[in-house]
Amino acid sequence: MPKKHRVVILSCFYDPFPSGGAEIMVKETLERLGDKYELILVAAKHYKDVKIEETRDNYRIVRVGFGNIKIDKFLYPFLGALEAKKQKPEMAHAIMESYAGGALVVLKRIAPGIKRLLTLQSGDLDDDKKQKVVYVRYFWKLIHMAPNYITAISGFLAKRAIRLRACKDNVEVIPNGVDLSIVPQSIVKTPFQIFNHSRFSWEKAHDLIIEAWPKVVEKYSEAKLILVNDGPEKEKIVQLVKKKGLEDSVIMKGLMPQKDAFKLLAQSEIFICPSLAEGLGNVFIEAQAAGVVPVGTRVGGIPDVIQDMENGLLIDSKNSEQIAEAIIKLLDDKALRNKLRSKGLETSKLFEWGVVMSRIENVYNDILK
């Protein structure tokens with residue numbers, strides 16, 4: 001048997017840390033490519049009681065740090081790079097440009113012979129309020145200059161990379177994927193049910209949905225808005241719902257097992273998430289895969305997923321009036337909903353993880369030649 005190429009995956013966050021789009025990509029990469037390469041994940045420890053090292057079916061995990069969730073992420077760029085060098089890989093693949101990207105910057109200095117790949121995932125640091133901070137802009141450029149090759153989950157992120165590197169070579173768009181096998185389909189719809197499954201944080205703009213909701217229920221009193229998840233902005237949204245007297249039509253479910261959340265999604269008519277920043281937006285792909293019409297904003301990578309009036313609706317960001325108009329428009333027009341739902345199902349198949357991982361494997365092979 002030929003010897004496998006050794007590749008270190010750099011990801012600050014991983015199991016048992018709560019999973020977002022980047023962490024799901026890490027998991028899929030490890031599990032789907034672990035038989036083809038010798039894969040070693042270097043993650044931050046975060047919790048005292050997790051193992052420093054463990055071996056899973058076809059990959060290994062090494063965790064660095066002191067098991068302190070507040071400080072390990074800040075130490076990760078240095079400790080992660082040192083551990084990556086220690087593993088002596090042919091290539092290091094950093095997934096997410098913040099802490100993992102920082103580790104790639106350090107690795108370039110201490111082990112320049114290791115080939116470096118960065119996957120861009122995040123759109124929130126592009127927001128004006130963060131880019132006004134001088135050190136953010138400085139390190140942002142360093143992170144984008146550190147890799148030999150970049151993949152970006154959306155055209156928006158790829159354009160950012162090309163701008164910061166002043167070069168379009170070795171930058172490729174490869175989206176995140178969706179496991180279509182776990183997204184339920186052909187479930188009977190609950191009439192007038194609107195769904196949102198996104199973390200309660202500033203960039204998801206839940207407050208704008210609540211601001212828009214009275215106009216929806218004014219026309220459709222039977223409409224229900226279901227909000228699933230948790231996050232730092234949750235209490236703010238709870239209070240806003242109470243202030244507007246919307247407790248009967250806005251149902252807050254909190255955190256739920258994925259299969260239960262997907263069932264609620266599939267039962268819904270419309271998925272709404274008026275993001276202010278978004279690298280791609282896997283939630284919109286999941287909605288399409290579940291046969292639900294997504295409404296998103298013209299922000300970040302969302303237009304890579306939603307083509308307005310083709311497989312969903314696009315609206316301007318920071319605009320509660322357009323949120324209400326889009327929801328009412330869809331509730332008014334069953335034929336439009338059916339058309340967008342059908343096209344959305346076709347779109348979601350382009351993002352299946354098997355398709356995505358074959359493209360990642362091609363990038364690995366090109367870099368490792």
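**Exercise 1. Work out how the residues lining the second largest pocket divide into nonpolar, polar and charged.**

Step 1. Sort the lining by class: seven residues are nonpolar, four polar and seven charged. Here Ala, Val, Leu, Ile, Met, Phe, Trp, Tyr, Cys and Pro count as nonpolar, Asp, Glu, Lys and Arg as charged, and the others, Gly among them, as polar.

Step 2. Keep in mind what you're working with: this is a predicted model, where local features need pLDDT of at least 70 and side-chain atom pairs count only at pLDDT 80 or more, while totals for chains, interfaces and linings use all residues. Residues are numbered from 1 along each chain as its sequence is written, and side-chain values use heavy atoms, with hydrogens and water left out.

Step 3. Now the space itself: the second largest pocket holds about 300 Å³. A pocket, on a 1 Å grid over the protein atoms alone, is an open set of points where a 1.4 Å probe fits, with protein on both sides within 12 Å along at least five of seven lines; lining residues have an atom within 4 Å of a point. Grid points are joined across faces, edges and corners, and the volume is the space filled by probe spheres set on the points.

Step 4. Find the centre: of the 18 lining residues, Ile24, Lys27, Glu28, Ile182 and Gln258 are the closest to it.

Step 5. Assign elements: α1 (21-33), α9 (258-267) and α10 (282-289) each give two or more residues to this lining, and α1 gives the most, with four. Helices (H or I, at least four residues) and strands (E, at least two) are DSSP runs, numbered from the N terminus.

**Exercise 2. Find the strand order of the eight-stranded open sheet, then place its helices.**

Step 1. Read across the sheet: β3-β4-β2-β1-β5-β6-β7-β8, with mixed pairing. Two strands pair if DSSP finds at least two bridges between them.

Step 2. Check the edges. β3 (53-55) and β8 (171-173) each have a single partner strand, so one side of each has no neighbour in the sheet.

Step 3. Add the twist: ignoring direction, neighbouring strands are turned by 20° against each other on average.

Step 4. Zoom in on one pair. β6 (115-120) and β7 (149-152) run parallel and are joined by four bridges, with Leu120 opposite Ala152 in β7.

Step 5. Lay on the helices. α2 (72-87) lies across β1 (6-10), β2 (38-44) and β4 (60-64), at about 130° to β4. α3 (99-110) lies across β1, β5 (91-95) and β6, at about 150° to β5. Contact means heavy atoms within 4.5 Å; axes are lines fitted to C-alpha atoms, for helices over the stretch in contact, and angles run from 0 to 180 degrees between N-to-C directions.

Step 6. Look at the loops. Between β1 and α1 sits Pro16, joined to Asp15 by a cis peptide bond with omega about 10°. Between β5 and α3 sits Met96, a non-glycine residue with a positive phi, near 100°.

**Exercise 3. Do the sheet of six strands: what is its order?**

Step 1. This open sheet runs β11-β10-β9-β12-β13-β14, with parallel pairing.

Step 2. β11 (250-254) and β14 (313-315) are the edge strands, each pairing on one side only. From one strand to the next, the twist averages 25°.

Step 3. Five bridges link β9 (193-197) and β10 (224-228) in the parallel sense, and Phe195 stands opposite Ile226 in β10.

Step 4. α7 (206-219) lies across β9, β10, β11 and β12 (270-273), at about 165° to β10.

**Exercise 4. Classify the packing of α12 and α13.**

Step 1. The axes of α12 (320-332) and α13 (334-348) are 5 Å apart, at an angle of about 100°.

Step 2. The two helices are therefore roughly perpendicular, a label for angles of 65 to 115 degrees (under 35 is roughly parallel, over 145 roughly antiparallel, the rest oblique).

Step 3. Lys329, Leu330, Leu331 and Asp332 in α12 meet Lys334, Leu336, Arg337 and Leu340 in α13. By class, that's four nonpolar, no polar and four charged residues.
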